[in-house]
Structure formats: C-alpha cells, structure tokens
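Colleague: I am new to this model and would like a close look at a single part of it. Please take the charged side-chain pairs, and then follow them into whatever lies around them.

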Amino acid sequence: MPEGWEPGAFKARVDQVLHRFAAGEADQLTAIDGSLGPVAEAVETAVADGKRLRAAFCYWGWRAAGQPDSDALVRAAASMELVHAAAVVHDDLIDDSPLRHGRPTTHLALREEVRDHPEPTLAARSLAMLAGDLLMSMAGQLFVTSGLPAAYLGRARPLWAALARELVAGECLEILHTGAAAPDTAVSLKVVRYKTAKYTVEQPLLIGALMGGAGERLRAGCSAYGLPLGEAFQLRDDLLGLFGDPVLTGKDGSDDVRGYRPTALLAETWRLAGEEDRARLRTLLAAGAETDAASDTADSADAVRDVMRRLKAPDRIEAMITARVAEALHALDELDLPGPAATALTGLAHSAAVRRS
C-alpha cells in the first residue's frame, strides 16, 4: 500500500482476503455433507459486506508502531472482521432483528431451508448460532495462519482472550438491562463500551500495535484514542438506528423500540423526561415490544421519535459523540505518530463517527 491512506484500496485488499478465506471454509464444510450448503452460504454472506473499519484500525496500529505495509498483516487484520461477522450473526439472533445490510438476517435467511423441520424457527435460529460460532473460530484460524511470525502473533494473544470475554460481557449486559424500568445513561455507556467500543476500535488498534512491538506509551495512547472513538461509533449507531434512513443503514428502523434496548439515546430521553413523558414512553415501548404487527411497531417507533425530538435527546447524543471524537483526536495528537499513521487515524476517527450508515 502507498504511504498515503487510500481507504478504498485497503478495503479491497481486506475484501479479497475475507472472500477467499470464507469460500475455502464453505467448500470444506460442504465437503463434509452437501446438505450443509445453506450454512456455508450463510457464512459467506456474513462476510460479504462491511466498512472494514476494524481491520483498518488493526493495520494502522501496526503502522503506528513503525512497521511497514505487509500482506501478512492485512490477513491478520482481516481476522478482526470475522470477529465482527460472528458478533453480528449472534447479535441479530439475540435481538431477533429482521434486516442487516438490507438483506434478511442469518436466522431468517435459514428459515426457508428448514421449512420441513418440526420446529423450523428454532432450527433456523440454532443453525444461525452455530454459523456465528464457526465465524469466531475462523477469526482465530485466519489470525494464526496469516503469515506473520509466531513471535509477533504471540504478543497479541492475551488481548484476543480479553476481546472475546469483554464482547460477551457487553452482550450479556445488554440482555440483562433490556426493558429496564428506569433506563440509566451510565449503564448504557457501559454496555456501549464492552459490547462495541472495545472490539471495534481499541482492541484491533492495540492488537496491531502489540504485534508491531509497541511500547507502553503507544499502547496507552491506543486506548486513550480507541475507547472514546469506539463509544462515539456506537452512539452514532444508536442515532442511526432510530433516525437514520433504513435504505442507507440496511436495518429495520424500529428495532430498538421493538427490543426495548438500553441505548444511551433512550437513557438520555428518560433522564430528560418528566413523569408524563416517562409514562408515555413506558406505554410506547411496551407496545412496541409486545406486538408482532410491523405497522404497530412502526407507529410506536414514530411516537418514541417524537418524544425524543421534543426533549432534544438526539442533540445530547450528538454532543456526546462530538466530545468523544475530540478526546480521541487529542490523544492522537499527543502520540506524535509517523505521518501516514496520524493522517489515517485522523481520517478513521471522522469516518467512524460521522456517517449515514
């Protein structure tokens, strides 16, 4: 890769690695038995799309440590996208989300394949869970077979364990606090940190830096940059989830209402609301969670949006995003990185937090 940051060229490199690796895994799966074809297809579909931000942060952690461009490093960085693919399949399953990238989510796509099963819904959900497990296994496989020296990979191995543990912790925290009687911003931000922020920015960046031999100062700087930026990324997702254009996000715009999820957006709305608005929110969120009718859920989501706008809760989330991006960029400035790494990480900060999908 040239010294200048070319996001499109980098994404193409990562896409090529992922598509080839997933295709190889799919072939090995169907070689066991042809009936596994739908699961193999689900695995390939799960890695077909994406911004490849996690791979980019891993790559630039390596470059920030003074290391040169490397095809082996790109393969190792691409493993971060398989972690994300696994998390997405599991998250969509847990949340019973209908859409991802404008397509049916994995558990819904597989339902047609088991229509003759005695319990097709349960069977499809079980297959999706196993596909997600396979994707996480593939992430580790791609990382260790990337071509980087074992000693380099070994530097990052403890962080891999932390990444998996903290991602699971964040997902569990979201489940435990879903439907809370009184949404709390501090709790929501903890979910944001562990479910998304760490594995999206901080940990990929640190894994790249550790493999590249980063010292203590750079490692601390990666966290000081990565954590607030990762939180800004998820806070933007919260806003896009309810206020974004579903054509661009590729997701159902009423998911968070239907799921009564503990987002920071809902928590800030609750904090700003008086008793009358809180009573209305309880009614709307309960209605959205209980109905199976798409029109009723959409109506509840529209009404929740109206309350949020009136209380200016989206403005509060925008302010939180702005503050976190500023914090991340300040930490980056303090590191005095090589020019290409500084430029790329500055650009990634803006693309992660200021987006429409």
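**Salt bridges and their surroundings**

Modeller: There are 24 salt bridges in the structure. This is a predicted model. Let us take three pairs in turn.

Start with Asp 15 and Lys 11. Their side chains form a salt bridge, with N and O 2.8 Å apart. Both residues sit in helix α1, which covers residues 7–32. They are four residues apart there, so about one helical turn separates them. In general, an α-helix has 3.6 residues a turn, so residues three or four places apart point the same way. The two partners differ in how they are covered. Asp 15 is buried, at 13% relative accessible area. Lys 11 is partly exposed, at 31%.

Next comes a pair from separate parts of the chain. Arg 125 makes a salt bridge with Asp 96, and their closest N and O atoms are 3.3 Å apart. This pair links distant parts of the chain, 29 residues apart. Arg 125 belongs to helix α6, residues 120–144. Asp 96 lies in the loop between α4 (71–95) and β1 (99–100). Arg 125 is partly exposed, with 27% relative accessibility. Asp 96 is partly exposed too, with a relative accessible area of 37%.

The third pair is Arg 316 with Glu 268. The closest N and O atoms of this salt bridge are 3.0 Å apart. Here 48 residues separate the partners, and the pair again links distant parts of the chain. Arg 316 is in helix α15, residues 313–335. Glu 268 is in helix α12, residues 264–272. Arg 316 is partly exposed, at 35% relative accessible area. Glu 268 is buried, at 2%.

Some bridges share partners. Through them, Lys 11, Asp 15, Arg 52 and Glu 81 are joined into one network. So the pair from helix α1 belongs to a wider set, because Lys 11 and Asp 15, four residues apart in that helix, are both members of this network.

Stay with Glu 268 for a moment. One of the residues that touch this glutamate is Thr 185. Leaving out residues up to four places away in sequence, Thr 185 touches Ala 267, Glu 268 and Met 320. Thr 185 lies in helix α8. With 16% relative accessibility, Thr 185 is buried.

Now go to the loop between α8 and α9, where Ala 214 is found. Ala 214 is buried, at 10% relative accessibility. Apart from residues up to four places away in sequence, Ala 214 touches Ala 65, Ala 209 and Arg 219. Compare its position with that of Tyr 260. The two are 46 residues apart in sequence, and their C-alpha atoms are 42 Å apart in space.

Helix α3 is worth a look as well. This helix runs over residues 53–64, twelve in number. From first C-alpha to last, α3 reaches 16 Å, close to the 16 Å expected at 1.5 Å a residue. Twelve of its twelve residues are buried, so α3 is largely enclosed by the rest of the structure. Among these buried residues are Arg 54, Phe 57, Trp 60, Trp 62 and Arg 63. What covers them includes α1, α4, α7 (150–177), α8 (185–211), α9 (216–243) and α16 (339–353). After α3 comes Gly 66, with a positive phi near 90°.

Cys 58 is another of the buried residues of α3. Its relative accessible area is 0%. What of disulfides? The count is zero. For Cys 58, the closest cysteine sulfur is in Cys 222, 10 Å away, which is too far for a bond. Cys 172, by contrast, is partly exposed, at 37% relative accessible area.

Last, the empty space inside. The structure has two cavities of 30 Å³ or more. The largest holds about 50 Å³ of space. Its lining is made of Leu 242, Asp 256, Val 257, Arg 261, Thr 263, Leu 266, Leu 285, Val 304 and Met 308. Two elements, α11 (255–259) and α14 (294–311), each give two or more residues to this lining.

Key:
Residues are numbered from 1 along each chain as its sequence is written. This is a predicted model: local features need pLDDT of at least 70, side-chain atom pairs count only at pLDDT 80 or more; totals for chains, interfaces and linings use all residues. Side-chain values use heavy atoms; hydrogens and water are left out. A salt bridge is a side-chain nitrogen of Lys or Arg within 4 Å of a carboxyl oxygen of Asp or Glu. Buried means under 20% relative accessible area, exposed over 50%, partly exposed in between (1.4 Å probe, protein chains only). A disulfide is a pair of cysteine sulfur atoms within 2.5 Å. The expected span of a helix is 1.5 Å times one less than its number of residues. Contact means heavy atoms within 4.5 Å. On a 1 Å grid over the protein atoms alone, a cavity is a set of points where a 1.4 Å probe fits but cannot get out, and a pocket is an open set with protein on both sides within 12 Å along at least five of seven lines; lining residues have an atom within 4 Å of a point. Grid points are joined across faces, edges and corners, and a volume is the space filled by probe spheres set on the points.
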